[in-house]
Each structure stands twice: as C-alpha cells, then as structure tokens.
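Me: I'm new to reading protein models, and the labels people use confuse me. Could you go through this one with me?

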Amino acid sequence: MPGKRSRYHQVHKFYCPRCSRRLWRNGSTKHYLYCEGVQEIQEQFQLSRKNANFLAQQSSVQLIRSAWLEEFFCAVDGKIWLLLTKAEDGTITSTPAQEQHWQRSTHTIDPNKPNPSVSEFSYRMSRKSSRC
C-alpha cells in the first residue's frame, strides 16, 4: 500500500478573492479570534445559557480554535490577510479579513493602520523611495 501515510492530498489550497489565482502561505502565525461575554460564548459554541455563564465566570475571554487570521501571498495582489474557519468535517473556508476580525484577534494590530508607536515623520521617511 504505497503512499498510505501521504498527507499531500490533505493540503488545503486557497485562492485570491480578487484575481482567483492560487495563494501561498507566508509561514506566519495563526492569530486566533476570541469571544467575550455570556451571549457571544453561547452563540459561538452553541451552549446553554447556564453553561455559557459558567464559562464566562471561569475566564471572561474564550479562544475560538476554529477561526483564525493568516497572511497569504498573491503574485498579482501581494500580501493578503484571510479569515480561515474550520468546520467540524475538516473543511476550511476562507474570506477576506474585515475590521471586526482584527478587533477580535489575538496579538495583532490592524495592518492597514500604521504602528501607533512610530512617529508620523518616521513613517513617511520609511515610505519614500531611496535615490542612489
């Protein structure tokens, strides 16, 4: 039985939402989404109100292991961030990352906004092209 341990057929392929070309993973970390509050925990994990309340008392923030943000590269469009969601059957769906996803992710800042700790002058100078 050759190839019975091969996981090549399990590789998920993602395509650019703009140009429909194949995307390539950059090897970036997965930035998981989280939910907080009894109502959100109840909706996300399909729990009863009592169990959701118990989880909320344990810790106010619950990590969603089935949804994360990841960076990809497109040959035409460049760097693209996608929201990946994994279903119970193992299929992964991708959608472009929205503003509300960035607000609910771990260890990330919005890539469309400059770093708040960098001054405006430094940010402008880093964007200028060097003339040799």
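Me: What does the protein chain expose, and how much of that do carbon and sulfur atoms supply?
Reply: The protein chain exposes about 10,100 Å², and carbon and sulfur atoms supply 50% of that area. Accessible areas here come from the Shrake-Rupley method with a 1.4 Å probe, and for residues only the protein chains shown count as cover. Keep in mind that this is a predicted model, where local features need pLDDT of at least 70 and side-chain atom pairs count only at pLDDT 80 or more, while totals for chains, interfaces and linings use all residues. Residues are numbered from 1 along each chain as its sequence is written, and side-chain values use heavy atoms, with hydrogens and water left out.

Me: Why is H31 called buried?
Reply: Buried means under 20% relative accessible area, exposed means over 50%, and partly exposed is in between (1.4 Å probe, protein chains only). H31 comes in at 12%, so it counts as buried. Of the 132 residues in the protein chain, 26% get that label.

Me: Which residues does H31 touch?
Reply: Leaving out residues up to four places away in sequence, H31 touches W68, L69, W81, S105, T106, H107 and T108. Contact means heavy atoms within 4.5 Å.

Me: What makes the H31 and T29 pair a polar contact?
Reply: A polar contact is a pair of N or O atoms within 3.5 Å; within protein, one must be able to donate a hydrogen and the other to accept it, and residues adjacent in sequence count only if both atoms are side-chain atoms. The side chains of H31 and T29 make theirs at 3.4 Å, so the pair falls within the 3.5 Å limit.

Me: Where is H31 found?
Reply: H31 is in strand β2, residues 31-36. Strands (E, at least two residues) and helices (H or I, at least four) are DSSP runs, numbered from the N terminus. The protein chain has 4 helices and 5 strands.

Me: And E88, why is that one called exposed?
Reply: Its relative accessibility is 86%, and the label needs over 50%, so E88 counts as exposed. E88 sits in the loop between β4 (78-86) and β5 (92-96).

Me: What is notable about phi in Q46?
Reply: Q46 has a positive phi of about 50° although it isn't a glycine. Most residues other than glycine have a negative phi. Q46 lies in the loop between α1 (38-45) and α2 (49-58), and at 65% relative accessibility it counts as exposed.
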